[in-house]
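Me: I'm new to reading protein structures and would love a close look at one part of this one. Could you walk me through the place where the ligand sits, and what lies around it?

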Amino acid sequence: MKIDKRKVVIVGTGMVGMSYAYCLLNQSVCDELVLIDVNKTRAEGEAMDLNHGLAFANSSMRIYAGEYSDCEDADIVVICAGVAQKPDETRLDLLKRNAEVFRSIIDPVTSSGFNGIFLVATNPVDIMTRITCVLSGFNPRRVLGSGTTLDSARLRYLIGDYLKVDPRNVHAYVMGEHGDSEFVPWSQALVSTKSILELCRESGGRIEEARLGQIEEEVRTAAYKIIEAKKATYYGIGMALTRITKAILGDEHSVLTVSAMLRGDFGQRDVFVGVPCIINQNGIQKVLPLSLTDEELKKLEDSCNTLRSSFEGIF
Ligand code: NAD
């Protein structure tokens, strides 16, 4: 009997990595979960802690602190390892240091014979995903970042709250950089099958377009507010990473706004950026060709230009 086991390796067992791990366990998403951190003791402690919850879980899972050689037969390697910015360090210096951290991770992962999918959460996520693609030499379709998946979830929650509709029936995306230049293509935002802009126009002033602009700004600044209140954000991203993982392991063909390499899509190339993609067991099956307005295309171009210039000088 052939038993296919779903195996995930997390590199970086800090707040983000472990919120993701906890979510994987609670949703029974994989059969084997390997935790790797430069701080091995921390990874071991986290594995112990999770294992002690197994008696209450819905299914069994093998969880352990491992080595890079454990990546050999993994389906997905998820990178949540990060280094904090030092005082007086420039953004480019931080990026260069992060690139070195990623080299110390990606080289041993690929040397293990790993042949699965890289999923990146480390910020700045679009740049770190591109760095992962360059360092691994993998086909870009097998390298994805969390992109604007979390931002899109925040958007759907806030629209749902405003319109009193279940966020799961709100179909709207945040596109572009996971950061200040991200934007909402409102022309593509729907409640069920109804355009939100049309709902606004037909509501006789009850639904205000100005409020939609405020919601977009709230999404853009959400991380700053959470960090101010509790120093870091991790539950939302843990759930977003879990959602992406389920789409891959379940070969779901689900649409999620991951950070993907554009190859002529929306007139852009040579950049990793958050766009709606169809996700299956091979990673990014396809970037969804939305009919953006000229204004939205310009916002995407500006965001891509920001990301391209941030990448310059790293290598
Ligand atoms: P954290 O400091 O709690 O954890 C980082 C972990 O990485 C630590 O355990 C550290 O030991 C480990 N690490 C550092 N260098 C390593 C190396 N060379 N090899 C292996 N492990 C290494 O940080 P966090 O709060 O978990 O955040 C992690 C990253 O996720 C940050 O870059 C953060 O900005 C990012 N993040 C992304 C999103 C998103 O939407 N993509 C959301 C929240 C946070």
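Reply: Happy to! A good place to begin is S146, which is in contact with L119, V120, A121, V125, I237, L241, I244, T257, V258 and S259, once its neighbours within four places in sequence are left aside. Please keep in mind that this is a predicted model.

Where does S146 lie along the chain? You will find S146 in the loop that runs between strand 6 (143-145) and helix 5 (149-163). S146 has a relative accessible area of 4%, so it is buried, since buried means under 20%.

Now bring in the ligand. There are 23 residues around it, and S146 is among those that come nearest, together with V16, D37, A121 and N123. A121 also appeared among the contacts of S146.

Next, look at the polar atoms. In the side chain of D37, an N or O atom is 2.6 Å from an oxygen atom of the ligand. The side chain of N123 has an N or O atom 3.0 Å from an oxygen atom of the ligand. With V38 the backbone takes part: one of its N or O atoms lies 3.2 Å from a nitrogen atom of the ligand. On its own, the ligand has 870 Å² of accessible area, and the protein covers 80% of that.

What kinds of residues make up the shell around the ligand? By class, 11 are nonpolar, 10 are polar and two are charged. Helix 1 (15-26) and helix 3 (91-111) each supply at least two residues of this shell. Helix 3 gives the largest share, with three residues.

It also helps to step back to the domains. The protein chain is divided into domain 1 (7-145) and domain 2 (149-311), and each of them gives at least three residues to the shell around the ligand. The C-alpha centres of the two domains lie 24 Å apart. Where the domains meet, 36 residues of domain 1 are in contact with 35 residues of domain 2.

Let's return to N123, one of the residues that come nearest to the ligand. The peptide bond from N123 to P124 is cis, with omega near -5 degrees. That is worth a pause, because most peptide bonds are trans. P124 itself is found in the loop between strand 5 (117-120) and helix 4 (125-136).

Helix 3 deserves a second look too. E89 lies in the loop between strand 4 (76-79) and helix 3. E89 is buried, with a relative accessible area of 14%. Apart from neighbours within four places in sequence, E89 is in contact with A84, L94 and R97.

Similarly, you can follow helix 1 to the loop between it and strand 2 (32-36), where S28 is found. S28 has a positive phi of about 50 degrees although it is not a glycine. This stands out because most residues other than glycine have a negative phi. At 17% relative accessibility, S28 counts as buried.

Finally, V258 and S259, both contacts of S146, lead us to I284, which touches them as well. I284 lies in strand 14 (residues 283-287). With 3% relative accessibility, I284 counts as buried. Its other contacts, not counting residues up to four places away in sequence, include P140, R141, V143 and L144. Try tracing these residues in the viewer, starting again from S146.

Notes
Residues numbered from 1 in each chain as written. Predicted model: local features only at pLDDT ≥ 70, side-chain atom pairs only at ≥ 80, totals over all residues. Heavy atoms only, no water. Helix = DSSP H or I, 4+ residues; strand = E, 2+ residues; numbered from the N terminus. Buried < 20%, exposed > 50% of the residue type's maximum accessible area, 1.4 Å probe, protein only. Contact = heavy atoms within 4.5 Å. Near = heavy atom within 4 Å. Polar contact = N/O pair within 3.5 Å; in protein donor to acceptor, adjacent residues only side chain to side chain. Areas by Shrake-Rupley, 256 points an atom, 1.4 Å probe, with all protein chains shown as cover. Nonpolar A, V, L, I, M, F, W, Y, C, P; charged D, E, K, R; others polar. Domains from an automatic or database assignment.
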